[in-house]
Amino acid sequence: MGKLEPIRDAVVVRPEMSETAKKLKEAGIALPSNAPETAKGRGVVEAVGPGVHQNWVFVPTCVKVGDVVLFQSYEEPRDIDGEKLYVIRESMIDAVVKTE
C-alpha cells in the first residue's frame, strides 16, 4: 500500500483472509475466481485518521494501527495500489478483537 493518510475519523482496514481460503492456499489449492477470499466484516487496521470535533471538543480515534476489528461494510473494498482495502468511519467498527 502506498502512503494513504486518512482524515477525520476515517480508518483503513485490510480484510483478513477467511479460514477456508487460508487452509486451501496452505494446501496448494487454487481458489475459484468467484470464491470469497476474505472474511466479511473482519480485518486489520492499516491507517487511522486523527479524530473529529464533536460539540467543540476534539475526540481522537479509539482504534490504532494493527488492531483486529469487526466492522460493518455495505460496499465492496476499494482497489488501492492493487490491494483490496476498506476505508470506513470509526463509527462503523463494532469491536476490537483482543488476542490475549
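How many helices and how many strands does the chain have? I went through the predicted model and noted one helix and eight strands. Reading from the N terminus on, I wrote the order of the elements as β-α-β-β-β-β-β-β-β.

Next I looked up the confidence, since this is a predicted model. The mean pLDDT of the chain is 84, and 78% of the residues reach 70 or more. Among the elements, I found the lowest mean pLDDT, 65, in helix α1 (residues 19-26), whereas strand β4 (residues 57-60) has the highest, 95.

I then turned to the inside of the chain, where I noted that buried residues make up 32% of the 100 residues. Which residues make up the largest nonpolar core? I listed nine residues in all, namely V11, V13, V45, V63, V69, F71, Y86, I88 and I93. The elements that give two or more residues to this core are β1 (10-17), β5 (68-71) and β7 (83-89). I added a general remark beside this entry, that in soluble globular proteins nonpolar side chains tend to be buried together.

From the core I picked V63 and looked up what this residue touches: leaving out residues up to four places away in sequence, V63 touches V11, V45, V48, V69, E90, I93 and V96.

For the chain as a whole, I noted that, of the contacts with a separation of 6 or more, 60% are accounted for by residues 24 or more positions apart.

My last entry concerns the outside, where the accessible surface of the chain comes to about 6,900 Å², and 54% of this surface belongs to carbon and sulfur atoms.

Technical notes. Residues are numbered from 1 along each chain as its sequence is written. This is a predicted model: local features need pLDDT of at least 70, side-chain atom pairs count only at pLDDT 80 or more; totals for chains, interfaces and linings use all residues. Side-chain values use heavy atoms; hydrogens and water are left out. A nonpolar core is a set of buried Ala, Val, Leu, Ile, Met, Phe, Trp, Tyr and Cys residues joined through side-chain atoms within 4.5 Å. Buried means under 20% relative accessible area, exposed over 50%, partly exposed in between (1.4 Å probe, protein chains only). Helices (H or I, at least four residues) and strands (E, at least two) are DSSP runs, numbered from the N terminus. Contact means heavy atoms within 4.5 Å. pLDDT is the predictor's confidence in each residue, from 0 to 100. Accessible areas come from the Shrake-Rupley method with a 1.4 Å probe; for residues, only the protein chains shown count as cover.
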